[in-house]
Every structure is written in structure tokens, then in C-alpha cells.
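Please open the structure in a viewer and keep the sequence panel at hand. The tour below proceeds by selections, each followed by an account of what is found there.

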Amino acid sequence: MKVLGIETSCDETAIAVVNQGEILSNVIASQGKIHAPYGGVVPEIASRHHIENLPIILRSSLEEAQIKLEELEGIATTCKPGLLGALLAGLQYGKSLAYALQKPFIGVDHLEAHLHSVFLEHPGLRYPFLGLVVSGGHTHLYQVQQFGNYRLLGATRDDACGEAYDKVAKLLQLGYPGGPHLDKLAQEGNPKAFRFTIPKLGEDSLDFSFSGIKTACLLEVQKQKDHCSDDFKRDLAASFQEMATHFLMTRLDQAAKRLQLRTLCIVGGVAANKTLRQKLAILAEEKNYEYKIPSVPLCTDNGAMIAYVGWRYFLEGKRSPWSLNGLATCDLA
Ligand code: KG4
Ligand code: ZN
């Protein structure tokens, strides 16, 4: 079954064609450069660019997949959570296509799609597993019991991990989006230069918090008065990254022990992080866990993960009504 997946929940306009779980095309137009001068995503600008980009990305995606529009057998589109205007741009486009082509339509949850992005490269992955979504908007740890059955184990109480990356990168004037820049710079710094500790959130808690370390970084920058040297920037980036990735690993390990789960997956934009990927491999080796992490293009927002989840719902005979609306916030579990 060839399913088209449309993703416009933030600043990536993405459309993919997935056939029986196999990617035929995965086209992503990032608006990163457009939002860079503002230091963050401007919602209205994002929506307007989605509207301009969608027909162009659709054409590229069909060409790459070497199929015609009429050959599609279903359309899946992100409907929640995200920037509302951005979501509505994609949702209305997806519904209109499905209506005109008389094909089944389904709305997909963005987090459910990230959690399943691993299946695109590891179709044999078995439930249950621990799924950690780390992105610009989320730091959510789930027990993924089965397809459609999720239990939230912990979430950030303030900033999302990617958001903290972006804010610390902004303090260091590294450019936008800051996560990848900070990651690169951190590779050259001393991760022990500044000692940042994991916040205490209660013995049983699997929650996260990144606002404390963000403030600690701000105080260090303020101590430098008007000039941060390159060495300072490298060391602060490395120390921040050390703490952030150690925190994520600690929670995964605690949850795996508590729930007796042996498979760990990390998904979402921050899963592209080099140190995080290395630390996950080391943890898995030490504790004999199985782990899966998507290749970098599938960590970031993409249409393939939306098409994949849409396909799984189509297999169960599910469809969304034409009246389906977008939701800026919602709970997956
Ligand atoms: O999943 P995603 O593409 O969009 C959301 O749903 O938010 O995640 C984007 C986030 C941004 O905060 C970006 O800075 C962060 O992922 N990110 C990274 C890296 N690549 C992207 N953070 C740390 N290291 C990276 N290499
Ligand atoms: Zn995302």
C-alpha cells in the first residue's frame, strides 16, 4: 500500500511516499534559514511558507518515488501537536488531496510518528520498548507497549531538551537552529570544564528539567562580561552537552530497570546528537540492552514517519473524518 505522508507541524515542509513500510521518497524543505534572523520559528511565517512549499514538495516527492498521484492508496497528515497555523496548512492540503483522489485519509499524531520512525529502518523491531522523544518541543519518555498503546513515564517540567540546546546556543551566539551548532562545537571542548549536575526531581520521578542548566550557562556567560573567548564557548558547550546527554541516559537506564524493558529507542531532532548517540551505544553495551536510533535524516521532522503510522492505521481499517481539525497541544498517553 503506497501512502503519502505530509508533515508541517513546525518549520519543515515534508512529504514522503512509503510503500508497505519502505521509503520510496522522503523530501524535506527546511525553513531554518528563513527563521534564523528571528532566532526562532515565527508561526505565521512558517504557515505561509508551508502553503507555498507544499505543491512543490509534493511534485518532488512523487518524482523521487517514481509514481503518479493516482497510484497513491492513502494520505496521512500530521494533525497534532504543533503550531496550529502550520498544522492547518498541511492538514487542509492532505484532506483536499484525499478528497479529490477519493482515497482514504488519516490524521497522525506527531509524537506517535517520531516513536515509530525507528521502524522505517528496523522493521523487525519488537514491542514493548522504551521510547524517548527528544525534540525542540518535547522531552517525553514512553513505554511503547504495542502500536497505539503508550504509557507516559516522564516528561520535561520546563524546557524541552532541544529548546535548551537552542537557548544555550543562542547565549553563545552560535546561530539558529542551535542544536547542531552546539553539538559540533562541543566535540572540541572539555566536558568537565564546568560541573553541571542533574536536577533532583524526587526519587521515583522519571521527569526531566532543563531550565536550571540553562540558567547556570547564562550565569557563566555573564561572568565573562562582554567577551566570550572561543575556548570558553567550546568548554561551556561541551559541559552543557555532557550534562544534558548524561541526564537522558540516566532516565532511560532507570526506566529500563524499573519496567524490566531491554529495548531502548531515542527519536526526534536531538537524537541526531553525536554525543547522545555515542552514549546510548556505550550504555547498551554495558547493560546489554538492545537499542535503535534513526539515521540523522529520520531524526528530524519528516513525512516518512507520518506515512508509516498512517499505513499502520490503514491496515487496522481506521480513517479520519473530513471534519478532522488540528490541535496545538494534546497528550499521546
Ligand atoms: O524533531 P525536530 O526536528 O522538531 C520538533 O518536533 O521540535 O527537533 C528539532 C530540535 C531543535 O531544537 C534542534 O536544535 C535539535 O532538534 N537538534 C539537535 C541536533 N540536531 C537537531 N540538538 C542537539 N544536537 C543535534 N545534533
Ligand atoms: Zn518533531
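In this tour, two residues are in contact when heavy atoms of theirs lie within 4.5 Å of each other. The model under view is predicted.

**First stop: His-110**

Select His-110, whose place is in helix H4. Is His-110 buried or exposed? With a relative accessible area of 6%, His-110 falls under the 20% limit and is therefore buried. Now display the residues around it. Neighbours within four places in sequence being left aside, His-110 is in contact with Glu-7, Ser-9, Thr-78, Lys-80, Pro-81, Asp-301 and Met-305. One of these, Asp-301, leads to the next selection.

**Second stop: the zinc ion**

Select the zinc ion, which is ligand 2. Which residues of the protein serve as its donors? They are His-110 and His-114, each through NE2, and Asp-301 through OD, at 2.1 to 2.2 Å from the ion. The angles subtended by the four donor atoms around the zinc ion run from 92 to 154°, which makes the arrangement irregular. The reason lies in the upper value, because a tetrahedral site with four donors requires all angles to lie between 85 and 135 degrees.

Follow the donor residues in the sequence panel, where their spacing reads H-x3-H-x186-D. His-110 belongs to helix H4, residues 110-116, whereas Asp-301 sits in the loop between helix H10 (296-299) and helix H11 (303-315); the pair therefore ties together parts that are 191 residues apart in sequence. Both His-110 and Asp-301 are buried.

**Third stop: strands E1, E2 and E3**

Select residues 12-19, which form strand E2. Seven of its eight residues are buried, so strand E2 is largely enclosed by the rest of the structure. Next add strand E1, residues 2-7, which runs antiparallel to E2 and is joined to it by six bridges. Within this pairing, Gly-5 has Ala-16 of E2 as its bridge partner. The connection from E1 to E2 is a hairpin through four residues.

On adding strand E3, residues 22-30, one finds eight bridges between E2 and E3, again in an antiparallel arrangement. Here Val-18 has Ile-23 of E3 as its bridge partner. The hairpin of E2 and E3 has two residues between the strands, and Gln-20 takes a positive phi near 50° in this hairpin.

**Fourth stop: strands E6, E7 and E8**

Move to residues 139-146, strand E7. How many of its eight residues are buried? Six are, so strand E7 is largely enclosed by the rest of the structure. Strand E6, residues 129-134, pairs with E7 in the antiparallel sense over six bridges, and a hairpin through four residues joins the two. To see one of these pairings, select Val-133 together with its bridge partner in E7, His-140.

E7 also pairs with strand E8, residues 149-155, in the antiparallel sense over six bridges. Gln-143 and Arg-151 of E8 are bridge partners. In the hairpin that E7 and E8 form, two residues lie between the strands, and Gly-148 in the turn has a positive phi of about 85°.

**Fifth stop: helix H6**

Select helix H6, residues 178-186. Its buried residues are Gly-178, Gly-179, Leu-182, Asp-183, Leu-185 and Ala-186. Display also helices H5 (161-171), H8 (230-259) and H9 (274-287), against which the buried residues of H6 pack.

**Sixth stop: Glu-220**

Select Glu-220 in helix H7, which covers residues 211-223. Glu-220 has a relative accessible area of 16% and is buried. The side chains of Glu-220 and Lys-223 are joined by a polar contact of 3.2 Å. With neighbours within four places in sequence left aside, Glu-220 is in contact with Phe-194, Phe-232 and Leu-236.

**Last stop: the whole chain**

Finally, select the entire chain, which contains eleven helices and ten strands. Its radius of gyration is 20 Å, close to the 20 Å given by the globule rule for 333 residues, so the chain is as compact as a globular protein of that length. Along the principal axes, the C-alpha atoms fill a box of roughly 60 × 45 × 30 Å. What percentage of the 333 residues counts as buried? The figure is 54%. Among the contacts in the chain with a separation of 6 or more, 74% are between residues 24 or more positions apart.

Definitions and conventions:
Residues are numbered from 1 along each chain as its sequence is written. Chains are lettered from A and ligands numbered from 1 in the order in which they are written. This is a predicted model: local features need pLDDT of at least 70, side-chain atom pairs count only at pLDDT 80 or more; totals for chains, interfaces and linings use all residues. Side-chain values use heavy atoms; hydrogens and water are left out. Donors are N, O and S atoms within 2.8 Å of the metal (3.2 Å for Na, K and Ca); water is not among the atoms, so sites may look incomplete. Four donors count as tetrahedral if all angles lie between 85 and 135 degrees; four count as square planar and six as octahedral if opposite donors are over 155 degrees apart and all others between 65 and 115; anything else is irregular. Buried means under 20% relative accessible area, exposed over 50%, partly exposed in between (1.4 Å probe, protein chains only). A polar contact is a pair of N or O atoms within 3.5 Å; within protein, one must be able to donate a hydrogen and the other to accept it, and residues adjacent in sequence count only if both atoms are side-chain atoms. Two strands pair if DSSP finds at least two bridges between them. The radius of gyration is taken over C-alpha atoms; the globule rule is 2.2 Å times the number of residues to the power 0.38.
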